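Me: Could you take a close look at one part of this protein with me? I would like a connected walk through the aromatic side chains and the helix that comes up alongside them in my notes.

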Amino acid sequence: MKTFIVNLDPPYKKAGLSGEGLSPSLTCIIHDTDPDRKFPALIAVPGGSYEHCSKREGEPCAARWYSHGYNGFVLEYSCVDKPFPTALLELAAAVSYIRKNADELSCDGRIILCGFSAGGHLCASLGVHSERYAELFTENIRPDKMILCYPVITAGKYTHPLSAKNIAPTEELKALASLENHVSENTPPAFIWHCADDNVVPVQNSLMFAAALSEKKVPYELHIFPKGGHGIAMCDTTTIKNNDPRYINPVAAEWFDLALRWAQGLEQ
């Protein structure tokens with residue numbers, strides 16, 4: 001295993017944004033035992049209401065995928081009063097970096113995004129808006145697949161107010177951030193899971209996105225678990241918070257094995 005951190009350089013100015021004081025980074029967890037073997041990449045994108053990047057939803061996720069034959073990456077993106085598409089450009093820069101340096105990173109070019117809550121919104125944002133920002137990058141920024149874990153999707157009726165406030169302070173930005181309205185035939189396939197009793201990000205977010213994918217005939221898999229609430233991450237002791245047993249949920253923990261089979265199935 002080889003681990004290191006890369007500082008990203010998104011094209012803020014080209015997009016009409018200020019990058020002053022911003023320092024997004026990508027933590028890389030790379031297989032290096034076989035120089036001739038290439039691996040698919042999994043970028044873990046933590047949540048945190050676009051206020052912070054949750055440590056519980058970053059490295060534990062990337063490390064789990066690493067243990068199953070993926071190169072793992074964790075995006076640390078800009079938060080708090082950084083309007084759309086600031087973080088989107090940073091995730092796009094991470095995708096571009098991996099594709100540009102695929103040989104050095106032992107990557108085969110395939111990139112899966114795995115985002116939690118606001119991080120799920122960020123992943124889905126790149127999924128639906130990649131064509132809008134493609135010309136700002138030299139490499140292809142469209143992800144191959146998306147895994148969306150209890151994602152924020154909309155800035156409309158069922159939004160998570162704090163996430164929307166941090167990236168979509170205007171009506172124009174709310175329209176762009178309501179991702180259910182921007183799904184197209186080019187949107188990458190998605191694996192989505194949510195808990196029905198989530199009282200932070202309503203389950204309707206996932207249902208609306210799945211419906212939009214279905215309408216555009218984009219492949220998807222959707223799992224709604226009956227209980228678990230919000231923010232349960234890997235649903236086991238690796239991501240427990242404050243020793244609260246709510247974060248250990250064997251039923252919802254099945255999401256990882258389901259997502260792994262889904263990813264591997266699409267790759268065959």
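How many of the residues of α3 are buried?

Reply: Happy to go through it with you; please keep in mind that this is a predicted model. Of the 16 residues in α3, 14 are buried, so the helix is mostly covered, given that buried means under 20% relative accessible area. The helix also has a bend of about 50°, located at G127.

Following the chain on from there, F137 is found in the loop between α3 (118-133) and β6. Its relative accessibility is 12%, and F137 therefore counts as buried. What does F137 touch, leaving aside its neighbours within four places in sequence? Its contacts are P11, L89, A92, A93 and S96. Of these, P11 is 126 residues away from F137 along the chain, yet 7.8 Å is the separation between the two C-alpha atoms.

Now to the aromatic rings. Searching the whole structure gives 10 aromatic pairs. One of them joins W65 and Y70 in an edge-to-face arrangement, with 5.0 Å from centre to centre and 90° between the planes. Both partners are covered: W65 counts as buried because its relative accessibility is 0%, and Y70 counts as buried because its value is 2%.

Another edge-to-face pair is made by Y150 and W193, whose centres are 5.2 Å apart and whose planes are at 85°. This pair links distant parts of the chain, as its members are 43 residues apart. Y150 sits in the loop between β6 (145-149) and α4 (161-167), while W193 belongs to strand β7, residues 190-195. Y150 and W193 are both buried.

These two pairs come together in a wider group: W65, Y70, Y150 and W193 are part of one aromatic cluster that also includes F116, F225, W255 and F256.

Charged side chains come into the picture as well. R64 lies over the face of F256, 5.6 Å from the ring centre, and F256 is one of the cluster members just named. Elsewhere in the list, R246 has its charged end over the ring of Y247, at 4.3 Å from the centre of that ring.

To pull the threads together for your notes: α3 is mostly covered and bends at G127, F137 in the loop after it is in contact with P11 among others, and the W65–Y70 and Y150–W193 pairs are both edge-to-face.

How values were computed: Residues are numbered from 1 along each chain as its sequence is written. This is a predicted model: local features need pLDDT of at least 70, side-chain atom pairs count only at pLDDT 80 or more; totals for chains, interfaces and linings use all residues. Side-chain values use heavy atoms; hydrogens and water are left out. Rings of Phe, Tyr and Trp (its six-membered ring) pair if their centres lie within 6.5 Å; planes under 30 degrees apart count as stacked, over 60 as edge-to-face and the rest as tilted. Buried means under 20% relative accessible area, exposed over 50%, partly exposed in between (1.4 Å probe, protein chains only). Helices (H or I, at least four residues) and strands (E, at least two) are DSSP runs, numbered from the N terminus. A charge sits over a ring if NZ of Lys or CZ of Arg is within 6 Å of the ring centre and within 35 degrees of the ring normal. Contact means heavy atoms within 4.5 Å. The bend at a residue is the angle between axes fitted to the seven residues ending there and the seven starting there.
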